[in-house]
Amino acid sequence: MFGYTIKRLIQMVVVLWAVSVLVFVMMSFTGDPTFMMVPLDATDEQIAQARRILGLDESHLVQYWRFLSNIVQGDFGRSFVFRQPAMTLILERLPATLEIVFLAMVMALLVAIPLGVYAGANPKKPASRAVMAGSLVGISLPGFWLGMVLIFVVAVKLQWLPSSGRGPTTEWLGMRVSFTSWEGFRHLILPAITLSVGTLAILMRIIRAEMVEVMKQDYIKFARAKGATAKVILFKHGLKNALIPLVTVFGLMLGDLIAFATLTETIFAWPGIGKLLVDSIYRGDRPVIVVYLMFVALMFVVVNFIVDVCYALIDPRIKIK
Amino acid sequence: MAAPHPLSSAPVPSRLQRFFASEFFHNYRRNLSAVLGSLIVLGFLFMVTIGPFLVSQNPYDVAQLDLMAAFKPPAWLAGGSSEFWLGTDGQGRDVLASIVYGSRISLIIGLVAMGGACLLGTTLGLIAGFYGGRLDAIIMRIADIQLSFPSVLTALFLMSAFGTGLDKVLIALISVGWVVYARTVRGSTLRETQKEYVQAARVSGLPNRKIILRHVLPNVLTPLIVVATIQVGTFVLIEASLSFLGVGVPVTQPSLGLLIKNGFDVLFSGLWWVSIFPGLFIMLLVFGINLLGDFLRDELNPRLK
């Protein structure tokens, strides 16, 4: 176990290094940031000076080395637009994103588990088929479009919930959050529903498939023969084992939610890191894009590491080489 | 496909007859969702090929647009006209005509990118699986790293680096889509190269390239059919997301996703049809593709039977 953990840790560092190379290469191709810094009528001399300040007059290797040593020390440079450290911008907006991602995840699990278990335990029933058809629709629709439909119906026509923005926030554990007040929570509902639908649909299909497999196992037959009640069989013997593979998709789920948060936040004008990324892409704000990329990469790598270690701990059948 | 007995007088069934008599076709006919899925997909193919001749206007020919007809609601609502079934947008463009032209762009992107990703991924997978060693390690590590990022995000970054454009969307989609083929093909190639027919081909002195193309390749293709089908749908959705964010196709070649984006700006004024209908068509298209993909998976993947 210890050896495995060390091996995964080394892998993690390698992946992050590879991402840093990719980010650097990509950023070197995306135009010249000098022109973000100098006025339009700048003289050649001013341009040359700006390039010197940005370090663009040196070789790519030297530039990469400086880039790498800066990010290792947590220095991602300043945003061209906000004139603030890019990392600060991300950290300021992170709670807003985590809030909708977390709520969307909870909603997806609360709906997907019971429906998935039902459809997996009774695969032939019409209701199960309806659940599966529904999940296929959920996979097929563009999430951002669903958000627009919700805005139009719930916010514009019925005027039940606000259509955009974050509403009032309060300080909680050192973060600004909005779920603590009713008005803030009302702002959360539509973005979270929009974000959760895709994940919900995929989750439901995975749980159903797992349940179908598990219900075929001998221990389920044995539990039936023993005379265990349907509820005990379904939840204690069935669901418990069907949920183990779910741990492995947790990382993927989180990744998808963070990715689709860029679209959801754009539609609902939700001030999270996804909207910051999209705005920064429009404005060519390179330091912010870089810090977003590295930050998200770090988050995925750490989550996948924790997931792998947990998986090995939960399921003793998995032999670690 | 055994040769007919020389003395048999029964007519040799044609390829088509054999297909109609096959178990595959039998299962297909009895599977309602498979039939529905293929009808939807066929409908779309019909729409994007014949559709432009059937709709009343070319929405991108400025001369045909009438600003007086801007923001007309769908035909069945008050103020709608029978000329524009699904209403018009701010430039007097027929929403239905825009959808027909937009579906064409969305579908072409989905199909071409799938073809490119399949070609690239299969090639790399064959190389990795057949030759193994360091090449295999490099290709598969790249695949692993890429898989730890969601495709939408990767595509978004690539587009932010490349800038907008149809060709760039294709490159971005191929760059995120090859991995799944490479992994599948590598797995099956590893299994196939252990088998006797490949060993026999090796012993008989066939060059590696010929072994790969003639013997290994045909035997690793079947699982790809399912992956490829579903990927067209995934690509249509990713492209829509990119275009919605404004980093996808250019405004002169609007896909369904860009139509949604254009309609989003007027949604708050209650002009819902400009954006809701294109989204409905994306959903229908991807739903049809997924129905078909699900059926193919059940049929072609004997492990699940």
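K275(A) has a relative accessibility of 22% and therefore counts as partly exposed, the class between buried (under 20% relative accessible area) and exposed (over 50%), as evaluated with a 1.4 Å probe on protein chains only. The structure is a predicted model in which local features need pLDDT of at least 70 and side-chain atom pairs count only at pLDDT 80 or more, whereas totals for chains, interfaces and linings use all residues. Residues are numbered from 1 along each chain as its sequence is written, chains are lettered from A and ligands numbered from 1 in the order in which they are written, and side-chain values use heavy atoms, with hydrogens and water left out.

K275(A) forms a salt bridge with D279(A), with 3.3 Å between the closest N and O atoms; the term denotes a side-chain nitrogen of Lys or Arg within 4 Å of a carboxyl oxygen of Asp or Glu. Both residues belong to helix α12 (residues 273–283) of chain A, where they lie 4 residues apart, about one turn of the helix. Helices (H or I, at least four residues) and strands (E, at least two) are DSSP runs, numbered from the N terminus. A further intrahelical pair is found in helix α9 (residues 218–226) of chain A, in which D218(A) and K221(A) are 3 residues apart, about one turn of the helix. Their salt bridge has its closest N and O atoms 3.9 Å apart, and both side-chain partners, D218(A) and K221(A), are exposed. R93(A) is likewise paired with E92(A) in a salt bridge, at 3.5 Å between the closest N and O atoms. Over all chains, the search of the whole structure yields 12 salt bridges.

Between chain B and chain A, 38 residues of chain B are in contact (heavy atoms within 4.5 Å) with 41 residues of chain A. The buried area, defined as the accessible area (1.4 Å probe) that two parts lose on being put together, summed over both, is about 3400 Å², and carbon and sulfur atoms give 83% of it. The rule finds 1 salt bridge across this interface, namely that of D294(B) with R205(A), in which the closest N and O atoms are 2.7 Å apart. In addition, 5 residue pairs (both at pLDDT 80 or more) are in polar contact between chain B and chain A. A polar contact is a pair of N or O atoms within 3.5 Å; within protein, one must be able to donate a hydrogen and the other to accept it, and residues adjacent in sequence count only if both atoms are side-chain atoms. On the side of chain B that touches chain A, at least two residues each are supplied by α5 (133–147), α6 (151–162), α10 (222–244), α11 (256–267) and α12 (273–300) of chain B. The largest share of that side, 12 residues, comes from α12(B).

E265(A) is located in helix α11 (residues 244–267) of chain A. This residue is buried yet has no salt bridge, and the nearest side chain of opposite charge, R93(A), is 8.1 Å away; Lys and Arg count as positive and Asp and Glu as negative, while His and the chain ends are not counted. The side chain of E265(A) makes a polar contact with the side chain of T97(A) at 2.7 Å. Not counting residues up to four places away in sequence, E265(A) touches several residues, among them I100(A), W270(A) and K275(A).
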